Amino acid sequence: MSLGALRPSPLVEQATDRLREQITGGAWAVGTKLPGETTLAESLGVGRSTVREALRALSGAGLVQARQGSGVFVIATTPRQDWSTRLRQAAITDVYEVRMLVEVEAAQLAAQRRTDDDITALHEALARRRAAANAGNAEFVAADIALHEAVVAAAHNPVLTGLFTEFVPVLQRRLLDLLELLSLRSDNPNHGDEGHAALVGAIAEGDAGAAGRALRDELTQTLALLHSL
């Protein structure tokens, strides 16, 4: 079977795409053993190292699996969705439940680990959130999320920071929808200020319990609103 020679660059991406097409298109069914690296390399017109990288990418997508001493086998014909895609497609209530687990822990760690620079950053973020009360919903949501990012950053845990960063695009879009749908700022343009001030104050004072409660209370209220829709 000829897969067709590839253009010079980028070879790994092209090889990955070509092999993925064969799998998702049904040319290689689940359970099928793929041709060896040498055979695939000749069919694609690339080196074995390129094929090896392509197979590694397909393995990461959940399509193939290498079995020592046996070869590489097709284990699925539909790629596994990456984390960002799953988040975009997830129900916002599910996202918020996980967000609560991540951020409450982050707030408690922040109260224990915050530095003077972190405290300054938190107060500045709170001030920007208050200033954004005079702006539109998009600016207000951006300032709100920036404050939460400052809280997570003060925890000084790169894994927590990475997790929250993944949440940000989804949160920004869904929070904006929520504000506009329920007109939450019509009576109070600085919606949630008291809770955010309590959060910043607890972290600055090093009170982990109070910081966790302040954030849990805020997110619980928002989750209740989401469930009411």
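This report covers the nonpolar cores and the largest pocket of a predicted model.

## Main core

The largest nonpolar core holds 46 residues. Within this core, Tyr96 and Leu199 touch the most other members. Six elements give two or more residues each: helix 5 (92-113), helix 6 (116-131), helix 7 (137-154), helix 8 (158-182), helix 9 (193-205) and helix 10 (208-228). Helix 5 provides the largest share, eleven residues.

Leu199 has contacts well beyond its sequence neighbours. Leaving out residues up to four places away in sequence, Leu199 touches Ala107, Val151, Ala211, Ala214 and Leu215.

## Second core

Another core lies apart from the largest one. This other core has 19 residues. Ala15, Leu34, Val51 and Leu58 are among them.

## Largest pocket

The largest pocket encloses about 430 Å³ of space. Its lining comprises 22 residues. Closest to the pocket centre are His191, Gly192, His196, Glu218 and Thr222.

Several helices build the lining. Helix 5, helix 7, helix 8, helix 9 and helix 10 each supply at least two residues. Helix 10 gives the largest share, six residues. By class, the lining has ten nonpolar, six polar and six charged residues.

## Core and pocket together

Helix 5 gives the largest share of the largest core, while helix 10 gives the largest share of the pocket lining. Helix 10 also gives two or more residues to that core, and helix 5 supplies at least two residues of the lining.

Definitions and conventions:
Residues are numbered from 1 along each chain as its sequence is written. This is a predicted model: local features need pLDDT of at least 70, side-chain atom pairs count only at pLDDT 80 or more; totals for chains, interfaces and linings use all residues. Side-chain values use heavy atoms; hydrogens and water are left out. A nonpolar core is a set of buried Ala, Val, Leu, Ile, Met, Phe, Trp, Tyr and Cys residues joined through side-chain atoms within 4.5 Å. Buried means under 20% relative accessible area, exposed over 50%, partly exposed in between (1.4 Å probe, protein chains only). Helices (H or I, at least four residues) and strands (E, at least two) are DSSP runs, numbered from the N terminus. Contact means heavy atoms within 4.5 Å. On a 1 Å grid over the protein atoms alone, a cavity is a set of points where a 1.4 Å probe fits but cannot get out, and a pocket is an open set with protein on both sides within 12 Å along at least five of seven lines; lining residues have an atom within 4 Å of a point. Grid points are joined across faces, edges and corners, and a volume is the space filled by probe spheres set on the points. Ala, Val, Leu, Ile, Met, Phe, Trp, Tyr, Cys and Pro count as nonpolar, Asp, Glu, Lys and Arg as charged, and the others, Gly among them, as polar.
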